[in-house]
Structure formats: C-alpha cells, structure tokens
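User: Please take a close look at one part of this structure and explain in a connected way how that part is built. I am a first-year student, so a step-by-step account would be welcome.

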Amino acid sequence: MSVRARARAVLIPAAAVLAVAAACGSDGGSTGGGDTIELTYWTHTHPPMTELNEQLIAEYEEANPNVDITYETIPNNDFGTKMLTSLSNGSGPDIINMDDSALRGEYIPKELLAPIDPAAFGVESAEELEALYVDGTLDGAKGDDGTLYGVPSEFNATAFAINTQHFADAGLDPASPPETWDDVSEYGQQLVAAGHEGFNFVYLHSGWYTQQLQTLLNETGGSILNEDGTGSALTEPESVEALQIWHDLIREDQVGNADTASREATSPFEDFASGRRSMTMIYPWAVEQIAQDNPDTFENLAVVPLPQVDPANPSGRWYGYYFAVNKASEQQEEAWKFIEYMTSQHERWLTDVNFVQPLQGWEQSEAAANIPFLDVWSQAYQQGKFDEVGPHWSEVQDAIKAAVERSVFDGQPPAESLEEASESVDQSVSS
Amino acid sequence: MALTRTAPDRARGARARPPGSGRPGWRRRRDAVGLVFALPALALFAAFAIYPMLRVFQLSLYDYNLTSAPVWVGLDNFRFLFGDERFLASLGASLFYVVVTYGPAVLLALVLALGLNTRMRGSAFVRLLYFAPVATSWVAVSVIWRLVLQPEGLLNQTLNTDIPWLTSSTWAKWAIAIAAVWKEVGFFLIIFLAGLQNIPKDLQEAAALDGAGSLRRLRYVTLPLLKPITVVVLVMAVIRGFQSFSPQVVLTGGSFGTEVINLFVYKTAFASARMGRASAVAVLMFVLLLVVTFVQLRALRRSA
C-alpha cells in the first residue's frame with residue numbers, strides 16, 4: 001500500500017470518529033428543556049452539617065423541581081485555598097458558606113461576592129433584613145462601606161467544656177469549674193495526676209492557631225495588628241502575655257502534650273470526644289459532633305464559661321460562617337432564594353446540629369429550649385467580638401502558627417517567638 | 001572492519017547529494033503525514049507546557065492577585081524575594097532535603113544495585129520489594145510514615161526513644177528525609193541495575209584474569225563504566241529533590257522548618273494570591289536548577 005493510501009486509510013476513519021464524537025458532545029451538553037436551574041454549593045467538612053445540608057437540599061429540590069443543586073464538601077485544610085482560587089478565576093460555586101475572617105479579609109475586599117438580595121428574603125432593604133438579626137451579628141459579612149454580603153449559617157461564641165467524670169476521678173467538683181487560666185493550670189495538673197490529659201489547645205491549620213490566640217488576646221487586651229492595621233502589635237506586652245499563657249500551660253505546667261494531640265481537621269475535638277482530654281475550649285457546633293462521636297463522653301460533658309484572665313471583665317470571641325453568593329454566578333437570584341430557604345430552617349439547624357442562626361429572640365424559641373447549657377451559651381454571646389483581619393491575612397495566620405509552634409513545641413520564649421512573627425506580619429501587611 | 005568503512009562512505013555520499021535534489025517525494029509525504037499525526041500532541045504540549053512556562057516568566061514581572069488586572073512591577077518581585085526570610089528559609093529547607101535525602105539514597109541504591117546484580121534465587125523478588133515504594137504514591141507513603149513517626153509509633157518503639165519526629169524543628173526535617181530515602185532508593189536502584197547489566201561481562205573477566213580483585217574491578221572497571229548512568233542519576237536526584245511537595249504537605253504541613261520551595265510557591269500563589277511573586281520563585285528555581293544541572297554535567301564530564 002502506498003504512503004498516500006495508508007494515510008487515507010488512517011485519517012478518514014479518524015475524522016469520522018471525531019465527527020461522531022463532536023456530534024454526540026453537542027447533544028450531551030444539553031440540560032434537557034433549558035428550564036433547569038443548576039446551582040453549585042460548597043461547604044467545609046463537618047459531618048453533622050453535611051447531613052443536614054443534604055436533607056435540606058433534597059427538600060428544596062423536591063419543592064422546586066426545576067432546580068438542581070450540586071453540593072460539594074471540601075476537606076477543611078484545603079477549603080480556604082480552593083475556594084479563594086476558584087472564586088478568583090471565576091469558576092467557583094454559586095453559593096458559598098465561609099467564615100467571617102475569610103469574607104472580610106479576602107473575598108469582600110477582592111469584590112468576589114454579590115451584595116445581598118433583600119427581595120429574596122421578603123424585605124425591602126438590607127437594613128430591614130439586618131433588623132431581623134441580633135445586633136452586630138451580621139457585621140462578619142459586611143464590607144468597610146457597610147454593604148452586606150451574607151447571612152449566618154452558624155454564629156459561634158466561645159465557651160469551655162469539661163468532662164465531669166474526669167473531674168470526679170481527680171477529686172475535683174464539676175460544679176466549680178475553672179474561672180481563670182491559673183485555675184485551668186491547677187485543675188489540669190490534678191487531672192494529669194489522675195491519668196488524663198488535663199487541657200490542651202487544638203493544633204490544626206493556621207486558622208485554628210490564630211483563632212485560639214485571638215481568644216487569649218481578647219482577654220489580655222493584646223492584638224495582632226496595630227490600631228490602623230498597618231503593622232504588627234504582637235510584641236506589645238499584652239500580646240506576649242496571651243502566648244505566654246498558652247506556652248506556660250503546655251510547656252511549664254504540662255497540663256497537656258502538644259506532640260500527641262490529634263490533627264484530624266474533620267474532627268477537631270477528637271481528643272476530648274474520645275475521653276482522653278478533660279478540658280477544652282468549645283463552640284456550639286462541637287457539642288453535636290461530640291454526641292455523635294462518643295455518647296459516653298457526651299453524657300459526662302458540661303459546658304461552662306470560658307476561663308478569663310480577669311473574671312471581673314470577661315471577654316470572648318465570636319465567629320460565624322455565612323451563606324454568600326459568588327459575584328460571577330449567573331444564577332444569583334435563585335442562589336439567594338435557596339439561601340433564604342436554608343435560613344428559614346433555623347430551628348432545625350439549632351435542633352439537629354447545634355448551629356445558632358442569631359435571629360432576634362432565638363434564645364426564646366422552642367428549639368433553643370432543648371439546647372443543653374443554653375444559659376452558658378447565652379452569656380458567651382453577650383461578651384464576644386469578631387476577630388481582627390487585615391491584608392494578606394493567610395500570611396499573617398501562617399506567621400502566628402509558626403510563632404506558636406516555636407514557642408509551644410520547640411520551647412522558644414514567647415517574646416522572642418513573637419518578635420520573629422512580628423517582622424513577618426509587618427512585611428505581609430505592608431507589601 | 002568493512003562495516004566501519006562503509007558507514008562513513010554512505011554518510012559522505014548522502015552529504016554529497018547535489019543541492020536542490022532534496023529528499024524523494026515519498027519520504028516528504030511520509031514526513032508530512034507524520035507531522036500531521038504529531039500535531040495534536042505538539043499542540044497539547046505547547047498549550048499545557050510551553051505556554052504556561054512562558055506565562056510564568058511574564059507574570060514574574062507583574063503584581064497579580066487573580067482578581068484585578070496585573071500591574072507591571074519589573075524586577076520588584078525578585079528584589080523582594082532576595083530579602084524575604086521565609087523564601088530563604090524555604091530554599092534552605094529544599095537544599096537540606098536534597099542533600100540529606102538524595103545523598104544517602106543514591107549511595108544506598110548503588111550499593112544495593114551492586115549486591116543485587118548477581119544471578120541468585122529470589123533476586124527478582126528482592127528487586128521488586130525495593131521498587132514497591134517507588135510505585136506507591138507519595139501521599140500514600142506519607143500517610144503510612146505519619147503512623148510510623150508518631151510519638152508512640154513504630155520508629156520510637158523500635159529505637160526505644162521518645163522523639164517528637166513530626167512536631168519539632170530539630171527532628172521534622174530528618175523524619176521526612178528518612179521517609180524519603182525509603183521511598184526513593186528503589187527508583188535509583190533500578191537505574192543503576194540497568195546500567196550494571198549493560199557493562200560487558202568480558203571486561204570484568206579480563207580484569208579478573210589480569211589479577212584484579214573485586215574491589216579493584218569495582219574501582220577501575222565498574223564505576224568508570226557506570227559514570228554516564230551516575231550522571232543521569234545525580235541530575236535526576238537534584239531535580240526530584242527540588243520538586244518535593246507531597247511529604248511535606250502530608251507529614252508536617254510545612255511546619256517546623258519543612259516548608260520547601262514548592263510548598264512556598266503553592267502557598268504564595270493560592271493561599272495569598274500573590275501570583276507574580278510565586279511566579280518569580282518558579283523562575284528563580286528554573287534558573288537555579290538549570291545552573292546546578294549544567295555544573296553537575298561539566299564537573300562529571302571533566303572527571304571522566
């Protein structure tokens with residue numbers, strides 16, 4: 001066979017196959033009728049929340065047969081990076097559920113989100129919508145100019161969990177929980193002597209390190225950035241004091257072992273839930289996860305107020321996750337309608353997964369009445385504030401994580417460690 | 001001998017063809033058909049390898065955060081990096097990883113290859129065992145080693161120690177190197193074995209007849225003939241070392257002095273959205289690897 005004949009023998013069938021494939025492809029892309037509205041929705045991974053999301057999506061799709069929602073959970077350690085990258089290049093989901101630090105630090109300044117659509121919530125304006133919520137709780141999704149970009153899927157305050165059985169083992173009275181960090185140290189050492197890990201922080205990604213340090217900073221009066229947000233305030237005495245508390249509890253008083261702490265980001269409170277750890281900082285959503293992970297520990301769980309540096313002037317930390325809509329979405333109106341449905345189910349969020357959606361009067365609702373330790377949570381919600389954020393916040397968080405690790409794992413004095421972190425933070429926020 | 005004469009004659013004959021006569025028509029047509037078949041692959045290579053590489057070079061001269069238009073900053077990204085402690089620390093972490101992992105891994109691979117380059121029962125199975133970690137993904141290997149390196153893991157139990165392998169700035173980089181040596185030895189072992197099996201047996205026999213012992217045969221016959229393979233292995237070792245990413249992500253997340261250069265690039269690009277600066281790092285690494293490879297090749301050629 002000549003070269004030309006051979007080429008013809010190969011090329012003609014290949015072209016035919018390509019043509020058939022192209023024809024099939026053009027038909028396969030159809031959504032069938034053109035009326036189907038396709039929405040994509042991404043969240044982080046939290047098994048109880050995932051389950052409820054799936055139920056609510058199924059109900060919404062049943063009530064709205066023309067809506068097809070693709071729901072994806074992203075592993076927690078990759079969530080921020082994947083979401084930011086996808087939104088930035090215009091390929092992100094229509095609906096996101098993201099924490100307030102990321103919203104205020106990255107997404108809103110970069111104009112990646114669509115302003116809220118009041119009509120979807122049956123109100124005339126964002127102000128009218130805001131009036132439905134407890135004062136200040138929507139600030140986590142606002143830009144510097146006051147524009148609102150989201151509504152809370154969960155709003156968290158910080159409290160403290162103790163294992164009452166462990167307290168009994170150590171001869172401690174669960175009715176007299178630690179009120180100060182000195183108490184945590186004292187109780188912790190007794191709990192260690194009784195064969196438990198007394199207390200520890202959670203060592204996951206940089207966001208976790210930062211939020212725990214921020215909790216201590218709120219109590220000591222320290223901060224990460226200076227007042228105008230142009231540089232670091234980590235070397236201020238109040239800021240050093242915050243890391244000193246962390247360092248002393250773990251390295252000096254040895255109430256817990258950072259080296260053996262669990263690093264499972266999907267289950268941050270695994271050490272407490274498994275019955276290994278006696279005391280931990282806790283958030284409302286974690287209670288349901290502990291109940292699911294280990295009913296025995298849940299039976300011995302007591303939620304008490306967060307220990308304070310100065311109990312006379314208590315302080316706390318707020319953070320929230322907010323439903324928001326991708327600015328690049330072509331289905332913004334439908335996305336907000338779906339979000340309205342999600343928030344209309346606020347009692348189920350509270351009952352099923354202990355997520356507080358802070359609508360006015362939520363504490364008086366029937367669902368709230370069945371929430372364990374409601375009085376403690378109510379008090380915690382009175383004394384919180386949102387975390388600081390600033391430019392290039394992920395780099396700031398990395399610097400804080402490295403500072404905590406140098407101090408808590410390697411034993412570097414907190415002042416020295418924060419000096420190094422301070423240089424990094426200065427560089428990040430100024431470049 | 002006749003063969004060695006006719007080959008150059010034929011070559012000279014080809015060069016002596018009168019200009020303009022060209023190749024026969026059937027050969028030109030064959031080449032054209034070949035080119036048509038190669039075009040899709042070439043297009044894909046250009047789209048997914050050449051273009052992104054050129055784009056990285058271009059982006060390194062801009063400040064670009066993915067959401068707004070790139071702003072020309074000239075060499076600012078490079079100037080910043082030379083004074084950035086985090087970048088310099090990640091460069092140091094990569095250098096440490098390359099030296100501490102690939103030095104022992106290459107040496108061990110050579111020793112094992114010399115040992116396994118014999119016909120004995122079960123040697124194929126032993127080779128397979130050494131190669132198994134190479135065929136396993138880095139993420140899977142890292143997950144296994146995370147268990148081994150835990151405070152109460154296999155390594156501490158075996159050594160009867162209490163070393164925080166993965167949570168200490170002193171130990172974490174060594175822990176990753178240990179896991180990496182285990183994973184990478186098999187790769188170089190196979191290459192060395194292939195090289196050893198290509199060394200003609202008669203040279204070894206001739207040296208033995210001349211009275212050379214096994215060590216002298218190794219020094220004067222085996223190693224010199226293995227030099228081309230060694231050059232390839234060393235170049236690959238350096239490149240593989242600087243490309244490391246997965247073990248650091250899975251085992252430490254880049255903490256405790258293990259943030260290697262690729263992890264720094266990833267975080268700078270996708271967590272901080274500083275695409276220009278990340279591209280500048282990529283360009284610097286490209287140049288660095290090019291220079292290192294060139295120096296390696298020159299040094300080894302000179303010693304040949």
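Analyst: A good place to begin is a single pair of residues: A:Met98 has A:Tyr322, in β9 of chain A, as its bridge partner. The model in which this pair is seen is a predicted one. The two strands concerned are β3 (residues 95–99) and β9 (residues 318–325) of chain A, which run antiparallel and are joined by five bridges. In general, the strands of a sheet pair through backbone hydrogen bonds, and the pairing may be parallel or antiparallel.

The pair β3 and β9 belongs to a wider arrangement. In chain A, five strands make up an open sheet with the order β2-β1-β3-β9-β4, and its pairing is mixed. At the edges of the sheet stand β2 (67–74) and β4 (150–157) of chain A, each of which pairs on one side only. On average, neighbouring strands of this sheet are turned by 15° against each other, direction ignored.

A helix accompanies the sheet. Helix α4 of chain A, residues 100–107, packs on the sheet and touches β3, β4 and β9 of chain A. The direction of α4 makes about 105° with that of β3 in chain A.

For context, the model also holds chain B, which has 14 helices and two strands. The radius of gyration of chain B is 25 Å, well over the 19 Å that the globule rule gives for 304 residues, so chain B is more spread out than a compact globule. The C-alpha trace of chain B spans about 70 × 60 × 35 Å along its principal axes. Of the 304 residues in chain B, 29% are buried.

Notes. Residues are numbered from 1 along each chain as its sequence is written. Chains are lettered from A and ligands numbered from 1 in the order in which they are written. This is a predicted model: local features need pLDDT of at least 70, side-chain atom pairs count only at pLDDT 80 or more; totals for chains, interfaces and linings use all residues. Two strands pair if DSSP finds at least two bridges between them. Helices (H or I, at least four residues) and strands (E, at least two) are DSSP runs, numbered from the N terminus. Axes are lines fitted to C-alpha atoms, for helices over the stretch in contact, and angles run from 0 to 180 degrees between N-to-C directions. Two residues are in contact if their C-beta atoms, placed from the backbone, lie within 7 Å. The radius of gyration is taken over C-alpha atoms; the globule rule is 2.2 Å times the number of residues to the power 0.38. A residue is buried if 20 or more other C-beta atoms lie within 10 Å of its own, exposed if 12 or fewer, and partly exposed in between; C-beta atoms are placed from the backbone.
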